[in-house]
Structures are given as C-alpha cells and as structure tokens.
Amino acid sequence: LSQSAAGVSRRRRGIELLLLFKMSTDNDNDDSNKQYCILFYKYHPLTDNPGVLEIYRNATETLCSTLQLTGRILIGLSNDGEGINGTLAGLKDDLDAYVDCMLGGDVVTDANLDQKRLDAVVAFREASKQFFVELNQPELFLRSPNDFKWS
C-alpha cells in the first residue's frame, strides 16, 4: 500500500477524517493480504472547540496511517455526546491493533502486537490522553469487541 491522499473536511457538526490509499493490484491468493472492514460508533462527549478537537483528529490520523488503514472516521464537534463513527478497512492484524487500541486495555501486556503496531497504539494513547485531560472528560474507549462489526 502506498499513500495517495489524506483529507480532512470540516462538517457543520464535526470533523470528517478521510484516509485514502492506493491499493496494490497484485492478486496473489495469500490470506495475509486479505482486506477486512470494521464499522463502529461510540457516543461520547468531546468538544465544540475545533482547535482542541484537532489534537484528537491528528492522533487518529497518525494511528490509522501507521496501521495503513483506509476509510472514514467522523469525529463529532460537540460536547453533547456525538462521539465518533467509523468505517475502516485493512489487513486483519492492523484492524486488530486498532480494535485493541480503542478497547482501552493494557496493550503492552494483553495485546499480541508487533513493535510497529504497539508503538502506533502507545503514541495514539498518549496523544489521546492529553486531549481528554484538557477536556476534563474520560477517555473514549469502546466497551467490547462486539462493538466492532466485521466484514
């Protein structure tokens, strides 16, 4: 995969993060290259300050780019609980790393992540924690692996 474009559009009530990559056209039947898709959402208070929300958006974009995930994540520009709504595609191991990250468990001891994925998740968690500390809100984590719909 090679990155071809990444975009951000400001919506009336939030930030839309688009992660676009040029996909490989090699059609080998290797399961390690099989693409999967996850869908998820979580109602959670964030902020109505676009400058502050940029901290979370940047952290999310960096995480997804490092994991080579494609798709769209809507991040609500609101402190009344809009939260996030996403659809991501990528390799199973990369999506598993994203899911582990968003479940909030101890990824260092509990998750089965290689060093690249672990570094990406830890960096996101540190940036995300700063965002939620500034908001005086609990961090945004999904409750269960069942909160992610796989296809």
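I began with Cys101, which counts as buried because its relative accessibility is 0%. I note at the outset that this is a predicted model, and I read every entry below with that in mind.

**Cysteines.** I looked up the cysteine sulfur closest to that of Cys101 and found it in Cys64, 8.9 Å away, which is too far for a bond, since a disulfide requires the two sulfur atoms to lie within 2.5 Å. I therefore entered a count of 0 disulfides for the model, by the rule that sets this cut-off. Cys64 itself is one of the buried residues of helix α1.

**Overall layout.** I then went through the secondary structure, which comes to 3 helices and 6 strands, and reading along the sequence I wrote down the pattern β-β-β-α-β-β-α-α-β. The protein has 151 residues, and 40% of them count as buried.

**Helix α1.** I checked the length of helix α1, residues 50-66, against expectation: at 1.5 Å a residue its 17 residues should span 24 Å, and the C-alpha atoms at its ends are 24 Å apart, so the two agree. At the start of α1 I found a side-chain oxygen of Asn49 reaching to within 2.9 Å of the backbone nitrogen of Gly51. After α1 comes Gln68, for which I noted a positive phi, near 55 degrees. Going through the buried residues of this helix, I listed both nonpolar and charged side chains, among them Val52, Leu53, Tyr56 and Leu63 as well as Glu54, Arg57 and Glu61.

**Aromatic pairs.** I counted 8 aromatic pairs in the model. In one of them, Tyr41 and Tyr43, the ring centres are 5.5 Å apart and the planes stand at 70 degrees, so I recorded the pair as edge-to-face; both Tyr41 and Tyr43 are exposed. In another, Tyr56 and Phe131, the centres are 5.3 Å apart with 35 degrees between the planes, and I entered that pair as tilted. Because Tyr56 belongs to helix α1 and Phe131 to helix α3 (residues 115-135), this second pair ties together parts that are 75 residues apart in sequence. Tyr56 and Phe131 are both buried, and following the ring pairs onward I found that they link Tyr56, Phe124, Phe131 and Phe132 into a cluster.

**A lysine over a ring.** I also looked at Trp150 and found Lys92 lying over the face of its ring, at 4.9 Å from the ring centre.

**Nonpolar core.** Which residues have the most contacts inside the largest nonpolar core? I found Phe40, Tyr56, Leu88, Tyr98 and Met102 in that role, within a core of 36 residues. The elements that give two or more residues to this core are the strands β3 (35-42), β4 (70-76) and β5 (84-91), together with the helices α1, α2 (92-103) and α3. Helix α3 supplies the largest share of this core, 7 residues.

**Ser128.** My last entry concerns Ser128, which lies in helix α3 and counts as buried because its relative accessibility is 3%. I looked up its separation from Thr60, which is among the buried residues of α1, and found Ser128 and Thr60 to be 68 residues apart in sequence and 8.4 Å apart in space, taken from C-alpha to C-alpha.

Technical notes
Residues numbered from 1 in each chain as written. Predicted model: local features only at pLDDT ≥ 70, side-chain atom pairs only at ≥ 80, totals over all residues. Heavy atoms only, no water. Helix = DSSP H or I, 4+ residues; strand = E, 2+ residues; numbered from the N terminus. Expected span 1.5 Å × (residues − 1). Buried < 20%, exposed > 50% of the residue type's maximum accessible area, 1.4 Å probe, protein only. Polar contact = N/O pair within 3.5 Å; in protein donor to acceptor, adjacent residues only side chain to side chain. Phe/Tyr/Trp six-rings, centres within 6.5 Å; stacked < 30°, edge-to-face > 60°. Lys NZ or Arg CZ within 6 Å of the ring centre and 35° of its normal. Core = buried A, V, L, I, M, F, W, Y, C linked by side-chain atoms within 4.5 Å.
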